[in-house]
Amino acid sequence: MRLIQNMCTIAEYPAPGSAAAAADCCLGAAGRRLVKIAVVGASGVGKTALVVRFLTKRFIGDYERNAGNLYTRQVQIEGETLAIQVQDTPGVQVHENGLSCGEQLNRCIRWADAVVIVFSVTDYKSYELIGQLHQHVQQLHLGSRLPVVVVANKADLLHVKQVDPQLGLQLAGVLGCSFYEVSVSENYNDVYNAFHVLCKEVSHKQQPSSTPEKRRTSLIPRPKSPNMQDLKRRFKQALSAKVRTVTSV
Ligand SMILES: Nc1nc2c(ncn2[C@@H]2O[C@H](COP(=O)(O)OP(=O)(O)OP(=O)(O)O)[C@@H](O)[C@H]2O)c(=O)[nH]1
């Protein structure tokens with residue numbers, strides 16, 4: 001769904017893949033490091049609500065159909081301010097022979113540095129999609145394992161619950177992802193934490209484990225420590241020279 005009007009706190013960005021988007025692909029505003037996140041999942045699971053909550057802290061409850069909007073905010077990760085772009089996506093369709101991800105959705109996934117896969121605890125089918133969606137995401141990023149967080153939404157709707165969150169937790173564990181059960185309508189902190197953990201993961205991935213400078217330093221051979229025999233010999237030489245000097249005086 002598309003965010004309803006009047007979100008003046010959110011800056012809208014050009015669609016992924018456009019020339020304007022390509023221009024700021026690595027650095028966000030003010031030269032900050034940029035983390036690009038796509039939010040995917042079945043229709044109606046609360047993707048737009050999740051994005052809006054993360055960006056504005058507000059739950060509005062009424063959203064238009066998704067127009068594939070891209071939004072931005074800044075987040076502090078380990079003392080650094082990162083620019084974050086969040087891409088809301090159209091709901092994934094399911095057909096007899098599996099997932100049907102349109103080209104728009106695939107483009108968003110390819111563009112992203114990380115993905116939030118959302119399902120609703122009130123919709124078992126949306127949960128069943130998670131495994132396939134995760135596989136699809138990784139296939140579009142062959143060669144580099146994309147950070148993914150699985151989010152189980154609508155935890156407040158206990159009376160119509162169809163999925164035990166434990167199932168989500170187990171599945172996320174099998175897929176090697178973090179897992180958050182949230183109620184977008186009732187709790188901002190869990191939503192924030194889900195995005196925060198993902199940003200942290202991307203941030204660590206973006207930073208090379210050791211800088212070229214460090215690597216070069218580690219390649220310079222360290223001076224050999226003198227061996228004990230040599231030390232003893234030199235010590236004896238110095239001692240006898242001193243004795244000679246003393247006796248000659
Ligand atoms: N009770 C409750 N309702 C929620 C929650 N999150 C979202 N909703 C409602 O679920 C409905 C669908 O939310 P959307 O954010 O539009 O879902 P979507 O995944 O973007 O849907 P598509 O655009 O069709 O893919 C809306 O009526 C929201 O108000 C939640 O945590 N609790």
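**Exercise 1. Find the hub residues of the largest nonpolar core.**

Solution. Start with the core itself: it has 58 residues, and I37, L50, V115, V116, F119 and F195 touch the most other members. A nonpolar core here is a set of buried Ala, Val, Leu, Ile, Met, Phe, Trp, Tyr and Cys residues joined through side-chain atoms within 4.5 Å. Buried means under 20% relative accessible area, exposed means over 50%, and partly exposed is in between (1.4 Å probe, protein chains only).

A quick word on the input: this is a predicted model, where local features need pLDDT of at least 70 and side-chain atom pairs count only at pLDDT 80 or more, while totals for chains, interfaces and linings use all residues. Residues are numbered from 1 along each chain as its sequence is written, and side-chain values use heavy atoms, with hydrogens and water left out.

Next, zoom in on F119. Skip its neighbours within four places in sequence, and its contacts (heavy atoms within 4.5 Å) are V45, S126, Y127, I130, V150, V151, A152, N153, V163, G168 and F179.

Then zoom out. Of the 249 residues in the chain, 40% count as buried. Take the contacts with a separation of 6 or more, and 74% of them come from residues 24 or more positions apart. As background, in soluble globular proteins nonpolar side chains tend to be buried together.

**Exercise 2. Work out how enclosed helix 2 is, and by what.**

Solution. First, the inventory: the chain has 8 helices and 9 strands. These are DSSP runs numbered from the N terminus, with helices being H or I of at least four residues and strands being E of at least two.

Now count the burial. In helix 2, 10 of the 10 residues are buried, so the helix is largely enclosed by the rest of the structure. The buried set even includes K47, R53 and T56.

What does the covering? The cover includes strand 2, strand 3, strand 4, strand 7 (114-120), strand 8 (148-153) and helix 6. Just after helix 2 comes K57, with a positive phi near 70 degrees.

**Exercise 3. Place strand 4 among its partners.**

Solution. Strand 4 (residues 80-88) has 7 of its 9 residues buried. Two strands pair if DSSP finds at least two bridges between them.

On the parallel side, strand 2 (residues 34-41) is joined to strand 4 by 6 bridges. V35 has I84 as its bridge partner in strand 4.

On the antiparallel side, strand 3 (residues 70-77) pairs with strand 4 over 8 bridges, and Q74 stands opposite A83. The hairpin of strand 3 and strand 4 has 2 residues between the strands, and E78 there takes a positive phi near 45 degrees.

E78 also shows up from the helix 6 end: apart from neighbours within four places in sequence, K200 contacts I77 and E78. K200 is found in helix 6 and is partly exposed at 31% relative accessible area.

**Exercise 4. Classify the aromatic pairs.**

Solution. Set the rule: rings of Phe, Tyr and Trp (its six-membered ring) pair if their centres lie within 6.5 Å; planes under 30 degrees apart count as stacked, over 60 as edge-to-face and the rest as tilted. By this rule there are 5 aromatic pairs.

Take F54 and Y192. Their ring centres are 6.3 Å apart and their planes are at 35 degrees, so the pair is tilted. F54 is in helix 2 (residues 47-56) and Y192 in helix 6 (residues 188-206), so the pair ties together parts 138 residues apart in sequence. F54 is buried at 1% relative accessibility.

Now Y124 and Y127: with centres 5.4 Å apart and planes at 55 degrees, this pair is tilted too. They're 3 residues apart in helix 4 (residues 124-139), about one helical turn. Y124 is partly exposed at 33%, whereas Y127 is buried at 11%.

Finally, ring pairs link F54, Y188, Y192 and F195 into a cluster. The charged end of R73 sits over the ring of F54, 4.7 Å from its centre; the criterion is NZ of Lys or CZ of Arg within 6 Å of the ring centre and within 35 degrees of the ring normal.

**Exercise 5. Check for disulfides.**

Solution. Apply the cut-off, a pair of cysteine sulfur atoms within 2.5 Å: the count is 0. For C101, the closest cysteine sulfur is in C108, 11 Å away, too far for a bond. C199 is in no disulfide either, as the nearest cysteine sulfur, that of C177, is 16 Å away. Burial closes the check: C101 is buried at 16%, and C199 is buried at 0%.
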